[in-house]
Amino acid sequence: MISPMNLYNEIVDGIFSRFPAGQAMYDQMQQRRTASAAGASRAVAENAALGTLLKPKNETGAASFGEILEYFTNDGKDEAIRKAIESEIEAAATRHGIDPNLIRAVIRAESNYRHDAVSSAGAMGLMQLMPNTAASLGVTNPFDIGQNIEGGTSYLRRMLDMFDNDTDLAVAAYNAGSGAVRRHNGIPPYEETQRHVPKVRQFLEEYTVQQYQKAAEDSRFNL
């Protein structure tokens, strides 16, 4: 028994077999419909995946980062990851009373926003947590963006408290260890740390300027 769709296709094929130009137009129309449907399906999948990724941590059944990543093509993956990172930064900054721009600056200097980064010394993830440090902070998966940012921010808060909210010393301690900062009574004379602290300071200044510029633009448009 022939289905209505097959009958329709046979009729269309029969008509356009006599009109090649019409066949070409029909084929183009079908291609546009297919592309449009694929785009719509992709958008639905991406929105659903991102919504799952960003759900509050106390909700059960949250997908792992690897599972979420499977929903995205290369075109949309980076933007989705960045949104997830930004959400976690803001949440961690609020919990620990830290300027979110400082967290952004540390992440940029440490890993350049690569959630899968691994250093030659074995530091892992966005905020480059060493295995022992990660374990002490309760981080079971350093490549999970939420756990990594929470753990790294918690450790950064600890360094800020230890060095009287001196950002340079806290960042130096984050990078080289608090013991090294104490022994040298300041930023240790290690080449990596000597480069790292000014880099974080520069990034922090850039993000702060961008924030003020955006606030100024928003206020101008809202007048």
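These legends describe close-up views of a predicted model.

**Figure 1. The whole chain is built from helices, with zero strands.** The chain has 10 helices. From the N terminus on, its elements run α-α-α-α-α-α-α-α-α-α. The chain holds 223 residues, and buried residues make up 36% of them. Take the contacts between residues at least 6 apart in sequence: 42% of these join residues at least 24 apart.

**Figure 2. The largest pocket holds about 470 Å³ of space.** Rolling a probe the size of a water molecule over the atoms shows where empty space is left. The lining of the largest pocket counts 19 residues. Nearest the centre of the pocket lie E110, A123, Q128, N175 and E192. Three elements give two or more residues to this lining: α5 (100-111), α8 (167-176) and α10 (191-221). By type, the lining divides into nine nonpolar, six polar and four charged residues.

**Figure 3. Q128 sits in the loop between α5 and α6 (131-136).** This view centres on one of the residues nearest the middle of the largest pocket. Q128 has a relative accessible area of 11%, so it counts as buried. A polar atom of the Q128 side chain lies 2.8 Å from the backbone oxygen of G125. Beyond its neighbours within four places in sequence, Q128 is in contact with E110, S111, A117, V118, S119, A123 and N148. Among these partners, E110 and A123 also lie nearest the pocket centre.

**Figure 4. The largest nonpolar core gathers 38 residues.** In soluble globular proteins, nonpolar side chains tend to be buried together. Within this core, I85, L102 and I107 have the most contacts. The elements giving two or more residues to the core are α4 (74-96), α5, α7 (145-162), α8 and α10. Look next at I107. Setting aside residues up to four places away in sequence, I107 touches I89, N112, Y113, L126, M127 and I149.

**Figure 5. Y113 has a positive phi although it is not a glycine.** Most residues other than glycine have a negative phi, and most peptide bonds are trans. The phi of Y113 is about 65°. Y113 lies in the loop between α5 and α6. Its relative accessibility is 10%, so Y113 counts as buried. One of the residues that touch Y113 is I107.

**Figure 6. T153 is a buried residue of helix α7.** The relative accessibility of T153 is 0%, which means that this residue counts as buried. Apart from its neighbours within four places in sequence, T153 is in contact with A92, H96, I98, I103 and M127. T153 and I89 are 64 residues apart in sequence. In space, their C-alpha atoms are 8.5 Å apart.

**Figure 7. M159 lies in helix α7 and is in contact with S178.** M159 has a relative accessible area of 1%, so it is buried. Leaving out neighbours within four places in sequence, the contacts of M159 are A170, A173, Y174 and S178. M159 and S178 are 19 residues apart along the chain. A distance of 7.3 Å separates their C-alpha atoms.

**Figure 8. Helix α8 carries a run of buried residues.** They are A170, V171, A172, A173, Y174 and N175. Of these, A170, A173 and Y174 are in contact with M159, while N175 is among the residues nearest the centre of the largest pocket. At the start of α8, a side-chain oxygen of D166 reaches to within 3.1 Å of the backbone nitrogen of D168. After α8 comes G177, with a positive phi near 105°.

**Figure 9. D144 is found in the loop between α6 and α7.** D144 has 19% relative accessibility and therefore counts as buried, the limit being under 20%. The D144 side chain reaches the backbone nitrogen of G146 at 3.1 Å.

**Figure 10. N185 lies in the loop between α9 (178-183) and α10.** N185 is a residue other than glycine, yet its phi is positive, near 50°. Buried or exposed: which word fits N185? N185 counts as exposed, because its relative accessibility is 74%.

Methods
Residues are numbered from 1 along each chain as its sequence is written. This is a predicted model: local features need pLDDT of at least 70, side-chain atom pairs count only at pLDDT 80 or more; totals for chains, interfaces and linings use all residues. Side-chain values use heavy atoms; hydrogens and water are left out. On a 1 Å grid over the protein atoms alone, a cavity is a set of points where a 1.4 Å probe fits but cannot get out, and a pocket is an open set with protein on both sides within 12 Å along at least five of seven lines; lining residues have an atom within 4 Å of a point. Grid points are joined across faces, edges and corners, and a volume is the space filled by probe spheres set on the points. Helices (H or I, at least four residues) and strands (E, at least two) are DSSP runs, numbered from the N terminus. Ala, Val, Leu, Ile, Met, Phe, Trp, Tyr, Cys and Pro count as nonpolar, Asp, Glu, Lys and Arg as charged, and the others, Gly among them, as polar. Buried means under 20% relative accessible area, exposed over 50%, partly exposed in between (1.4 Å probe, protein chains only). A polar contact is a pair of N or O atoms within 3.5 Å; within protein, one must be able to donate a hydrogen and the other to accept it, and residues adjacent in sequence count only if both atoms are side-chain atoms. Contact means heavy atoms within 4.5 Å. A nonpolar core is a set of buried Ala, Val, Leu, Ile, Met, Phe, Trp, Tyr and Cys residues joined through side-chain atoms within 4.5 Å.
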